[in-house]
Amino acid sequence: MSSQVIPLPTVPFLDLSAMHAQVAGPLDRAWHEVVASSAFIGGPHVERFEREWADYCDTAHGVGVANGTDALTLVLRGLGIGHGDEVIVPANTFVATAEAVALAGAVPRFVDVDPATLLLTAEHVAAALNPRTAAVIAVHLYGQMADMPALLEVADAAGVAVIEDAAQAHGATWKGRRAGSLGRAGCFSFYPGKNLGAFGDAGAVVTNDRGLADRIRSMGNHGRAAGAHHGHAVVGTNSRLDGLQAAVLSAKLPRLDAWNDARRAAVAAYRDRLDPDGAELVTVARDATPVHHLAVVRVRDRDRVREVLARRGIQTGLHYPVPCHDHDAFRRFADGRLPVVEQAAAEVLSLPLFPDLTRDQIDRVCAELACATTPERRAHAV
Ligand SMILES: Cc1ncc(COP(=O)(O)O)c(C=O)c1O
């Protein structure tokens with residue numbers, strides 16, 4: 001009798017289907033309402049979500065925009081930052097952070113990050129400040145906030161703004177204060193895979209600065225002056241949040257905290273089960289309560305480990321295998337080597353993570369990772 005090999009089920013990197021099943025009713029109603037009202041651009045659903053998102057982030061104003069990149073670009077432009085200015089950006093981020101600076105006409109000044117959290121620190125900012133520095137973008141990467149009080153102290157003393165790139169940190173806090181509420185403005189992406197994701201591209205800016213919110217709203221709507229359909233006060237762009245996306249986001253928002261709790265529980269389970277000699281999760285700072293957009297470990301021989309996991313049905317991601325300053329698009333802004341970011345780029349590996357990831361799936365990932373990272377276990381498993 002021939003023995004049949006039963007393939008192991010794949011553990012996906014991300015699976016949104018269970019989340020969407022949980023909000024199927026509200027999503028259905030929301031889409032029908034938007035279609036019935038034809039409020040596709042602007043209108044009550046956008047206004048409602050802007051209010052809800054500003055409240056959620058503990059800020060006075062929320063402005064819906066087309067995506068997270070635009071959120072950053074519009075904040076920079078709204079603060080008058082552009083040609084001749086430098087903006088300090090951690091090199092360990094998605095390129096959109098640097099892209100926004102370049103799109104605004106300014107120069108991204110890439111800096112290194114903390115070796116434990118892989119986030120921007122006040123020391124790196126202090127070392128990079130110079131008379132051209134106009135702003136600092138604190139990127140709350142992987143779902144963990146950077147140390148905003150320390151960053152604000154250095155930036156305030158130098159008279160430069162701190163902008164929060166909170167695209168991966170919906171609901172994260174630092175000593176209880178929400179991501180997006182501490183700097184001049186917080187910028188969010190609602191790309192479908194984010195902790196709060198739309199059904200397409202979407203983004204928002206939150207701020208306590210009324211004037212900045214008004215300027216961003218105007219610039220994102222072709223530079224229209226408030227209330228004037230045919231009066232274009234500044235050269236703007238088209239960066240508006242769709243009614244359909246706003247309705248989806250409002251339908252999902254009541255579940256966000258529960259989904260973030262589930263992510264925290266999944267990462268705690270990873271922490272319990274992972275062998276730190278083989279794979280170590282990125283450190284969480286004492287004052288941070290992260291929302292774990294990503295579960296990032298550091299491993300030796302990362303590309304081989306990733307390949308072994310893929311063969312065993314474990315999907316993983318890389319955030320980010322190339323530091324910003326090493327991309328062709330941004331090399332001209334590079335200013336020396338950044339050893340921590342460069343080493344991290346070779347070691348980081350993002351494990352499967354989503355609110356409905358099961359304990360069995362986590363056990364499987366940890367067991368496969370242990371085999372892939374420990375030579376003796378690997379030999380035993382063959
Ligand atoms: C840290 C960070 N900043 C900015 C962005 C840009 O957001 P979007 O893709 O919505 O333009 C992303 C999206 O992946 C991100 O992760």
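Q: What makes a residue count as lining a pocket here?
A: In this predicted model, a lining residue has an atom within 4 Å of a point of the pocket. For the second largest pocket, 23 residues pass that test, and Glu 50, Arg 217, Ser 218, Asn 221 and Arg 240 lie nearest its centre.

Q: Which elements give two or more residues to that lining?
A: They're α3 (44-56), β1 (61-65) and α8 (210-219). The largest share, four residues, comes from α8.

Q: What makes six residues of the lining of the second largest pocket "charged"?
A: Asp, Glu, Lys and Arg count as charged, and six of the lining residues fall into that class, next to eight nonpolar and nine polar ones. Glu 50, Arg 217 and Arg 240, among the residues nearest the centre, therefore go into the charged class.

Q: How much space is in each of the two pockets?
A: The largest pocket holds about 580 Å³. Its lining has 30 residues, and the closest to its centre are Phe 94, Gln 168, Ser 189, Tyr 191 and Lys 194. The second largest has a volume of about 470 Å³.

Q: Why is the largest pocket said to lie between domain 1 and domain 2?
A: Domain 1 (17-254) and domain 2 (256-381) both give residues to its lining, so the pocket sits between them.

Q: Which elements each supply at least two residues of the lining of the largest pocket, and how do its residues divide?
A: α4 (68-78), α5 (96-103) and β8 (185-189) each do. By class, you get 16 nonpolar, 10 polar and four charged residues.

Technical notes:
Residues numbered from 1 in each chain as written. Predicted model: local features only at pLDDT ≥ 70, side-chain atom pairs only at ≥ 80, totals over all residues. Heavy atoms only, no water. 1 Å grid on protein atoms, 1.4 Å probe; cavity = no way out; pocket = protein on both sides within 12 Å on 5 of 7 lines; lining within 4 Å. Points joined across faces, edges and corners; volume = space filled by probe spheres on them. Domains from an automatic or database assignment.
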